[in-house]
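Q: I am new to this structure and would like a close look at a single part of it, the largest pocket. Please describe that part and then set a few other places in the chain beside it.

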Amino acid sequence: MKDVLKNRKSIRKFKYDDIDNSVINELLSDAFYASTTGNMQLYSVVVTKDKEQKGKLAPSHFSQPAFMNAPVIITFCADYNRFIKWCKQRNAEPGYNNFQSFITASIDALLVAQTFSMLAEEKGLGICYLGTTTYNPDKIAKVLDLPKFVVPITTLAVGYPDESPEKQDRLPAKGLIHYETYKDYSNEEIDELYYAKENLTCNKNFVEINNKETLAQIFTDIRYTKKDNEYFSQVLLDFLKQQGFVE
C-alpha cells in the first residue's frame, strides 16, 4: 500500500475496457470501512456508467478529458438525508440543518473517496479527482436527482490506465509538518520549500508560454482566479441553502 501511495499518478487517459459492477461494488464496500464521524456514514455514492447519463453529467465537469475518457464516473456525496429519515422514523428529532453538519458529512465523503482511490489503484485501476464537483453542485444534483440534504463533494474518474504520466511533485515533508504548535514560514523558508517546484521544466514552460513572471501567477491569474473563486463560492453557498444546510 505504501508503494502504491508513493507512486500514484493522476490518470486522464483510460482504456476502453469496462469495469464490471462486481469490481466497483467490492471496492466501494471495502472503502465503506473508512473512518466516519460517530459511525453515522454520512455519505452516498453515485456510480455513472451509462453513456446517456454520462453525457448529461459532462457539462457540469466542463467535459474535461479525464471525465470524457473514463468508463466509470463516481460521485461522492455528503448525505444527511438517509440519517435524518432514520431519526424521524425512530422518534428522534434531528438537528442537522446547519453548516457544521454539512462539514461533518463532507469529511465522511472525502474519507471514503480517498480510501476507494487507494484500493482501486492497488487493484491496478487508475483514478483522477475532478475538482469541478463543487463548481457546479446544483447542475450535478439535478442530473443525479439528489434530494435535500445531499450535496456532491468530489468525483472520481475511474478506469484502466492507458498512459503512464510523470508523478506529480510534492513539497518537502519538513515544510508541512508542525510539532506542538504551528510554526509560520519565513521568506527564506518559502523560497526553499517551493524551489524544486518552481524549477521543474514543465512549470518553467507554463510560466513562459503564459507570459507570467512566476509560477504563483499561474495559479492566481489563470488557474484559480479571485473572480472564479468568488463566483463558484456563491454557487455553492446558494446550493447549500437549497439543500437545507444554510439558512
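A: The largest pocket holds about 1,000 Å³ of space. The model it is found in is a predicted one. The pocket is lined by 31 residues, and those closest to its centre are R12, Q168, F219, R223 and Y224. Four elements each give two or more residues to this lining: the helices α4, α9 (201-209) and α10 (215-223), and the strand β3 (126-130). The largest share comes from α10, with 5 residues.

One of these elements, α4, leads to the next place to look. The loop between α3 (51-57) and α4 (65-69) contains H61. Is H61 buried or exposed? Its relative accessibility is 0%, so H61 counts as buried, the cut-off being under 20%. Leaving aside residues up to four places away in sequence, H61 touches F67, L130, T132, T133, I140 and T155.

The loop between α3 and α4 also contains F62. F62 has 47% relative accessibility and therefore counts as partly exposed. The backbone of F62 deserves a remark as well: its phi is positive, about 55°, although F62 is not a glycine. Most residues other than glycine have a negative phi.

A positive phi is also found at E180, which is not a glycine either; the value there is near 75°. E180 belongs to the loop between β4 (150-159) and α8 (187-198). With a relative accessibility of 79%, E180 counts as exposed, because exposed means over 50%.

The last place is on the surface. There, F99, I103, I107 and L111 form a nonpolar patch. Together these four residues have about 330 Å² of accessible area. F99 lies in helix α6, which covers residues 99-122. The relative accessibility of F99 is 45%, so this residue counts as partly exposed.

To return to the request: the part to look at is the pocket of about 1,000 Å³, with R12, Q168, F219, R223 and Y224 closest to its centre and α10 giving the largest share of its lining. Beside it, the loop between α3 and α4 holds the buried H61 and the partly exposed F62.

Notes:
Residues numbered from 1 in each chain as written. Predicted model: local features only at pLDDT ≥ 70, side-chain atom pairs only at ≥ 80, totals over all residues. Heavy atoms only, no water. Buried < 20%, exposed > 50% of the residue type's maximum accessible area, 1.4 Å probe, protein only. Contact = heavy atoms within 4.5 Å. Patch = residues over 30% accessible without salt bridge, like charges linked within 9 Å, V, L, I, M, F, W, Y side chains within 5 Å. Areas by Shrake-Rupley, 256 points an atom, 1.4 Å probe, with all protein chains shown as cover. Salt bridge = Lys/Arg side-chain N within 4 Å of Asp/Glu carboxyl O. 1 Å grid on protein atoms, 1.4 Å probe; cavity = no way out; pocket = protein on both sides within 12 Å on 5 of 7 lines; lining within 4 Å. Points joined across faces, edges and corners; volume = space filled by probe spheres on them.
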